[in-house]
Structures are given as C-alpha cells and as structure tokens.
Amino acid sequence: MPNVKEKAARKEARTAEGASREPHAGHPRESASGAPGHRSRFTERVHETSKLDSHLEEKTLSSSSLEGKGKETMPSDFWDHLKEQLSSVPPDFSCALELLKEVREILLSLLLPRQNRLRSEIEEALDMDFLHQQAERGDLDITYLSKYILNMMVLLCAPVRDEAVQKLESITDPVRLLRGIFQVLGQMKMDMVNYTIQSLQPQLQEHSIQFERAEFQERLNKEPNLLDHTIKWLTQAAADLTTASASCPDTRDSSSSPGPSPSDVPAPEPLSSAMVLSQGFLNLLVWDPENEEFPETLLMDRARLQELELQQKQLTILASVMLVANSFSGSVLFGSPQFVDKLKRITKSLVEEFNSRPEETMQTVSEQVTQEIHQGLKSMGLAPLTSDNTVSLIVQFQNIAKKENCVRNVIDQRIHLFLKCCLVLGVQRSLLDLPGGLALIEAELAELGQNFVTLTHHNQQVFGPYYTEILKPIISPGQNSKVESV
C-alpha cells in the first residue's frame, strides 16, 4: 500500500478528475416567509430554494447516522466502548465494523460520478463481507485499514483540510486515530455538500426566477389590479426622490450675496429606474407595520425585510452607544482592541431587547457600559471619569432610547446611506468608505448589506419587466428622466 506522501504526490494528478470542494463563506440562512392568499405553497418553496444558503454547517447532519450522533453520544459512549472491545481478548470488532461501514459510505459519497476507478478501489478495500470474515477469524487489521482510509482522505480532501489530515498521521493509538478520521471525514462531507449546493445555485436561481415570474403573470391575468400596491410604492419612491432633489438647491440668503442666477443653478440629477427602485427598497426598511398596502411583488419577502429592519435598528443603537462611549473614554482606552471588542459584545447582547423595551434596555446599557468604562480606565492606569462626566454619560446613553435623539438619528441616516451605496456600488466598495461612526460595526454592516442586496437583486430579476412598465408613466422622459430596463 502506498504511503501518505506518495498518495499526496498523486493528488495533484487527480485535480482534473475531481472538482474543488473547498468550503465557501455563506450567510446565515434566513427564516421562511409566507404570503397567504398571494403565493401558492409550491411557489414559496421554489422562492426559498433559490435563497438556500450555499454554506451548511456540520450541525445539519442527520442524527440517525453515527456521523450525526457523534456530536451527541459518541464522544462519551461509543469511543470508550470501542476501546474496550478492541482491548478485550479476543478482540470484539462489532463496533469497529459498524464504524468502518459508515466510513466506507462517507468515502464513496465524496466521489464524483466519473471517479469509477477510485470507487471500485474503495469498495474492494472496504468490502464489508470480507471484513466480517476477517473479524470472525480475529485477524481484522484496524491499523492497516485506518492507514488506508487516511491515504484515501489525502486524495479526496479539499486543500483547507490538508493540515487536519496530516495531523492524523502522527496518531498511533488506533481508537484515537479512528476518532480523528471520523471527525475530519464529517468535515469533508460537509465540504462536498457545500460544493454541490454552490454548483447548483445558479440553476436553482434561474429556475426560481422563471417560475416565480410565470406564476405571478398567471395570477395577474386573473387579477388585473394585482399590482396596485406596487404602483403606489414606486410612485411614492419617485416622489421622495423628487422632494429631496427640490430641497437641495443653494438656500443662501440672496440679500447677503448676489448668488447664482437661475440659469447658473445646475439641473437636478434626472431620475432613473435604478434610483427609484433603490429608494423604494430602502423605504421598505422603515415600513409602517399598520400599512397593509405592502407591494405585491415583495409579499414573499416581507418577513425577511422585517428582520433586516430589526437588524438595522439594533445596529443603530449599538453604533450610537459605541460612539457616545468613545467620546467619554478617550482615544487610549478605545485604542485597545480587547476593550472595544468586550464592550461591543456586551452592548450587542443587551440591545437585542431594545425594540420591545427601549427605556429599560438603555437603562441596563447605561449601567453596564459605564461600569466597563470605569474598569477599563482603572486597569490601564488612566484618570477616572469625574462624577459630572459619569452622570452626563449615563444621561446620554439613556437618551438614545428617544426617537428624536440626535446621535441615534445621525447614525440611522448613515446606515441608511451605507445601504443605499450597497444597492448602487455593491457591498465591498461601500465598505471602503464607511460614513463616520460606523467603523466599529463594519462586520455587522457587511452582513446586513449583503443580505439586503441579495434579497433586492433576486426580486429585481423576477419582477424587473413589471417594474420597467410601471415606471414609464412615473418617470416622465419629458423631465430629463431615464427609464431603462430593470
């Protein structure tokens, strides 16, 4: 049997035979949303499938298999029992055979359809009938089989697992080696699942787009007024942009300075379909829950949008607290990554209740954060806060509970601006130039922005043709506006 190093050398030659299975970062799977009376259950399932998270975790393993049970009972029961059986005289191989059967199935599941030679090799080397015969004779070589499995893992694992597989080479205890092999095989199996999902994602999304659009068109043929709320939503978005544009011209007092003549004032930027849609999507994050005229084209994603709105509010409070804390703590204390991370974790946990209990939440935040600042200043040998500063700090924290709080409003506007940039420029480019006060929540903003962009992008792909037609009379070409296909 070739050793591990020889197998590793052959791994490069098999690159063309196998596809990369390296896991990719994904985004937390969002909760399903429904739209009773507006979508069939099957359409909802297609819609959800199109948003399937392309990165699953090991916890999704079935609990009916050894692999799934491993995280629950195997560490305390199975492996101890296996050690007792192999140490007995004569050895009992019943648990070992059960484990080898599971390992065999995992190895076979890692193969691509065209890897027939490897499939035959594994089936022959781990032929369960033959292994049972060896066990009955008492000469089942667990060490040899473990090394064979390890060599096969070298061939099949993704590059990200190379180090973990190499560490198994130094383990001599057969039970510890089998345990390590089984753990890494579980990770490799999830790598393959993630690779498969990622490979199918484009086809799933395209199928979802076509299916959802056809389903909607069929309903629209039966219900001509189906888009009434959508039209109203986009009309309001265009009006918001027009109002904002009208309020932007130079407002300097003409009596104090001549100012430009009307002909010198630059014309406002013409509206476009993309601008109106972006404004419309942003408006959904501040949607009045009492307003039942939710756009029909987004009913499927209403629960998701509500969740994103809640996340935005919590990030607004978190960033506001951190900004106030920074202004009182000084650059030295906030220059400590350990202190900032701890303060952020504490605050992030506390503000989860803000939406339901704003005053009580900020009371708790003011007490705990102020205490952390006092302790941080003391531990770093810095001057403590004066009594007046302490009182002022607590008051400013508690004032964040008020909707009219200036710090909170500024942060909210900046997060809103960031999300708008995400829709126009993309998340990564928007992160390069974060508005002030948001740097400490960059990771959270990136997740929020990506989820928002993903949702809106899919919606535009499905309903783009309808939006284009709706926007034609709303965006008048006679007013230097642009109506492009969505």
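Here are some short exercises on the structure above, each with a worked solution.

Before you start, note that this is a predicted model, so local features need pLDDT of at least 70 and side-chain atom pairs count only at pLDDT 80 or more, while totals for chains, interfaces and linings use all residues. Residues are numbered from 1 along each chain as its sequence is written, and side-chain values use heavy atoms, with hydrogens and water left out.

**Exercise 1. Find which residues of helix 7 are buried, and work out how they are arranged around the helix.**

Step 1: Pin down the words. Helices (H or I, at least four residues) are DSSP runs, numbered from the N terminus. Buried means under 20% relative accessible area, exposed means over 50%, and partly exposed is in between (1.4 Å probe, protein chains only).

Step 2: Look through helix 7, residues 128-137: M128, L131, Q134 and A135 are buried.

Step 3: Now look down the axis of helix 7. Its buried residues fall within an arc of 115° (taken from the directions from the helix axis to the C-beta atoms), so they line one face of the helix.

Step 4: Check the face of helix 7 turned away from the buried side. That's where you find the exposed residues D129, E136 and R137.

**Exercise 2. Which residues gather in a patch of negative charge on the surface?**

Step 1: Get the rules straight. Patches are made of residues with over 30% relative accessible area and no salt bridge, and like charges are joined within 9 Å. Asp and Glu count as negative.

Step 2: Pick out the members: E123, E124, D127 and D129.

Step 3: Zoom in on one of them. E124 sits in helix 6, residues 116-125, and counts as exposed because its relative accessibility is 64%.

**Exercise 3. Locate the partners in three salt bridges: those of E121, K472 and E444.**

Step 1: Define the contact. A salt bridge is a side-chain nitrogen of Lys or Arg within 4 Å of a carboxyl oxygen of Asp or Glu. The whole structure has 14 of them.

Step 2: Start with E121. Its partner is R117, with the closest N and O atoms 3.8 Å apart. Both lie in helix 6, 4 residues apart, about one turn of the helix. E121 is partly exposed at 23% relative accessibility, and R117 is partly exposed too, at 48%.

Step 3: Go on to K472, which pairs with E469, the closest N and O atoms being 3.1 Å apart. These two are 3 residues apart in helix 20, so about one helical turn separates them. K472 counts as partly exposed at 42%, and E469 as partly exposed at 49%.

Step 4: Finish with E444. It forms a salt bridge with K348, the closest N and O atoms being 3.1 Å apart. E444 lies in helix 20 (residues 442-474) and K348 in helix 15 (residues 337-350), so the pair ties together parts that are 96 residues apart in sequence. E444 is buried at 12% relative accessibility, whereas K348 is partly exposed at 37%.

Step 5: Follow the links outward: K344, K348 and E444 are joined in a network of salt bridges.

**Exercise 4. Where in the chain is P90, and is the peptide bond from V89 to P90 cis or trans?**

Step 1: Find P90 in the loop between helix 4 (74-87) and helix 5 (94-109).

Step 2: Read omega for the bond from V89 to P90: it is near -5°, and the bond is cis.

Step 3: Compare with the usual case: most peptide bonds are trans.

Key
Patch = residues over 30% accessible without salt bridge, like charges linked within 9 Å, V, L, I, M, F, W, Y side chains within 5 Å. Areas by Shrake-Rupley, 256 points an atom, 1.4 Å probe, with all protein chains shown as cover. Charge placed at Lys NZ, Arg CZ, Asp CG, Glu CD.
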